[in-house]
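Reader: I've got a structure open and I'm not sure how to read it. Could you walk me through it?

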Amino acid sequence: MSILFAILFYAATAILVFGLAYRIRKYIKTPAPLKIPTTPAPTTTSGVAFRMFKEITIFESLFKSNKWIWLFGWLFHFGLFLVLLRHLRYFTDPVWWWVALIQPFGKYASIAMLVGLGGLLLRRIVVDRVRYISAPSDYLMLLLIIGIGATGVLMTFVTHTDIVTLKSYLLGLMVFDIRTMPTDIVLVIHLSLVILLMAIFPISKLLHAPGVFFSPTRNQVDNPREKRHISAWAIKLESSK
Amino acid sequence: MAVAKFDVPELKEYPIIPKLQKDAMAHSAPYVAKEEFQTKLGYPGELIDNWKEVAIEKMGELTNKYRSLSVYLDSCVKCGACTDKCHYYLGTTDPKNMPVARQDLFRKVYRRYYTLAGKIVPKLVGAEDLTEEVLDDWYTYFHQCSQCRRCSVYCPYGIDTAEISMAAREIMDTVGKGQKYCNEIIGKAQVLGNNLGLPEPALIDTLEGLEEDIEDETGVQVKMPLDVKGADVLLITPSADFFAEPHIDGLIGYAKVFHEAGISWTMSSYASEAANFGMFIGSYENMQKLALRIRQAALDLGVKRIVFGECGHAWRVAYSFLNTLAGPFDFLDQNYPVPQHICEVTHGLIQDGTIKLDKSGNDHMTLTYHDSCNVARASRMGDTPGGQFTIPRDIIRASCNNFYDMPEHSIKEGTYCCGGGGGLLTDDLIELRVKGAMPRMQALKQVTEQNGVTHMAAICAICKSQFSKIFPYYDFQMDQIVSVHQLVSNAIVLTGQTDGESDEENSDNDDSKDAEQAA
């Protein structure tokens, strides 16, 4: 079991890292030949950075759009963010002071996360418009993350795993030293689902995470009159005339 | 072909999100372009035999040329935020008019051929083969998108359905299934210089007639110059401004502003069109050809500035793309932005007191203002973000005593498309146009009832043509749509003016068909 999971962990990490790098490389290499920011848009680079910051922290556009999706989506993402930070304690020794500091918040954030996910799933089933646009994978993705969250919450609040052994196992993985992994069923499910999530990240809609940074309607500076914007293929097109 | 009867949507007290009705607009598709219009633009005359392979290959090519397309196809999480944002969905209730569902017509094919999951487990991730039915769906529903970008405002990732509908149209053109309305017009504009195919003598005739009209009315000789070398300003305006109502009253307004400010200006018979339908079909090359005519005209006439008249998508192409497509414009006077919007010019002249306005000239109207989608969400005016909202409103407020905005959700960046943008302003799509106008009509009705609004001003040739056509379906009068510079024209005090009375021009000519061609 310890060895199997070690292999799966390394494989999933490799897929995640190289898969994401491959997609991001494609986004970088693909030119944006025209200026298409959704206006009103910032006229400076720092303005764009601020716009982007608001998009990824408070989901500004989503807030304008729909308060329910915003509420559930934000609860889920912010919860997940704290939970992920809290999990750093299993990969660091000694635990960084600020990770120790957010520990109590991180614990309850997992519940916020589940509430958000539940709301999103409910909307997907109940609202006719959202149901219409949902593929099986859209439900499964929610269920997958709910599964991860639920098993995590179980281990935090109900049936604790042998956390000392687990931490030792994880620290070992980081230095390619395979130690013993606890084998209680909740933990095994939790870790299996996490591995699955990591592996499908670069080939699924989870690409919205890097994608948002490359969205021309959000990341372009509104200055087409001041500065000529031209892509490499457009220059080639011009010189071929 | 007679247009089938359809029900005009009922205007409710307040906006509601309608229930889905599958295939409610499945019957609506525009005429397919004939061979002559296709070949002129370098596309096959009819659907080619190996269309499927070519379409799939073109799709791959476009995802490598446009980052927007590439990122947007990957990023959608189907959250549903956009589902109630499209005026065509609100007006037709067809689920495929929800922005995400429209994108998915494209995305499901992309997933099938270009993603790992779509190749292995298509059913699971909603991937589908490209079939004749899918192509028909594309033709139907990518011609029910006016590329107004309202959905992109509300998407958490800024996914812009316009980018996807442009790509879909480009692919359809490439395999020989183009749209008649757009492609015929682009062909005309590339050869004759305007969407209508108006030759130079006809332009001269029209402009002379207008000069006489203004002199009769005001006693002042206001010029409408054409092809004048050495003028300071080259005015590029939609050709609808030359004859359609209320566009023409806007053109008279620009002329009076230039005259009163003592700015030497000219129009060009070579580039007598601001509109650029190349954008609607997603064709960089065709869009560039039209843009280069403007550059050429500016060089030939030796002007110092380029100013654009009232036209929505034209201003997007001008403001956002002209420098890219036809720049650099280092031969023009760098003290002025290149290009400038006529509203920026007029606004500046009002601010510094060069022109005087008598608001009572518009006392017979109570006004509201329709933000045109391309101006609102795809361009700017002035130095600060949002100038595209404040500058036209400042001009209207300076020109009249009675102005009220429509409800907040329906104006500025949230504005609803008129229903006729994006290459859909054609009679074969009249049902779509009427239904797509519903959200705007609802907002207009609200201020009509609450504030006694009598007229709506706009700065877009397509909006003006569309509203004058569809107003009667909603019990408005076709002349309730006015040009912003028509208001300026009614209010401006011309030096040496003999007659202060500027009665509302009324014209009963129904040139709407022609206006659609020119818009």
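**Helices, cores and contacts**

Author: Sure. Let's start with a crossing: H7(A) and H9(A) cross in a left-handed way. Keep in mind that this is a predicted model.

Reader: How do people describe two helices that pack together?

Author: Two packed helices are described by the angle between their axes and the distance between the axes. Here, helix H7 (residues 136–157) of chain A packs with helix H9 (residues 185–200) of chain A at an angle of about 145°, and their axes are 9 Å apart.

Reader: Which residues in H7(A) and H9(A) meet?

Author: On the H7(A) side, look for Leu144(A), Gly147(A), Ile148(A), Thr151(A), Gly152(A), Leu154(A) and Met155(A). They meet Val186(A), Leu187(A), Ile189(A), His190(A), Leu193(A), Val194(A), Leu196(A) and Leu197(A) of H9(A). The residues of this contact divide into eleven nonpolar, four polar and no charged.

Reader: And what is the rest of chain A made of?

Author: Chain A has twelve helices and zero strands. Its C-alpha trace spans about 70 × 40 × 40 Å along the principal axes. Of the 241 residues in chain A, 31% are buried. As for contacts in chain A with a separation of 6 or more, 72% of them join residues 24 or more positions apart.

Reader: How many residues of chain A are in contact with chain B?

Author: In chain A, 54 residues are in contact with 57 residues of chain B. Several helices of chain A each supply at least two residues to that side, among them helix H1 (2–29), helix H4 (67–87) and H7. So you've met H7(A) already: H7(A) packs with H9(A), and H7 also supplies residues to the side of chain A that touches chain B. That side divides into 26 nonpolar, 16 polar and twelve charged residues.

Reader: Now chain B. Into which domains is chain B divided?

Author: Chain B has domain 1 (35–184) and domain 2 (193–404 + 453–518). Notice that domain 2 is written as two stretches of sequence. The C-alpha centres of the two domains lie 33 Å apart. Their contact takes 13 residues from domain 1 of chain B and nine residues from domain 2 of chain B. On the domain 1 side, H9(B) gives the most, with five residues. The residues of that side divide into six nonpolar, two polar and five charged.

Reader: What about a nonpolar core? Which residues touch the most other members of the largest one?

Author: The largest nonpolar core holds 194 residues, and Phe308(B), Ile396(B) and Ala457(B) touch the most other members. Helix H14 (residues 312–326) of chain B brings the largest share, nine residues. Domain 1 and domain 2 of chain B both give residues to this core, so it lies between them. Try picking out Ile396(B): leaving aside residues up to four places away in sequence, Ile396(B) touches Leu367(B), Tyr369(B), Phe403(B), Ala457(B), Val484(B) and Leu487(B).

Reader: Why is helix H21 of chain B said to be largely enclosed?

Author: Count its buried residues. Eight of the eight residues of helix H21 (residues 484–491) of chain B are buried, so H21(B) is largely enclosed by the rest of the structure. Val484(B) and Leu487(B) are among the buried ones, and Ile396(B) touches both Val484(B) and Leu487(B). The buried residues of H21(B) pack against helices and strands of chain B, including helix H17 (387–399) and strand S6 (455–458).

Note on methods. Residues numbered from 1 in each chain as written. Chains lettered and ligands numbered in written order. Predicted model: local features only at pLDDT ≥ 70, side-chain atom pairs only at ≥ 80, totals over all residues. Axes fitted to C-alpha atoms, helices over the stretch in contact; angles between N-to-C directions. Helix = DSSP H or I, 4+ residues; strand = E, 2+ residues; numbered from the N terminus. Left-handed = near helix turned anticlockwise from the far one by under 90°. Contact = placed C-beta atoms within 7 Å. Nonpolar A, V, L, I, M, F, W, Y, C, P; charged D, E, K, R; others polar. Core = buried A, V, L, I, M, F, W, Y, C linked by C-beta atoms within 7 Å. Buried ≥ 20, exposed ≤ 12 C-beta atoms within 10 Å, placed from the backbone. Domains from an automatic or database assignment.
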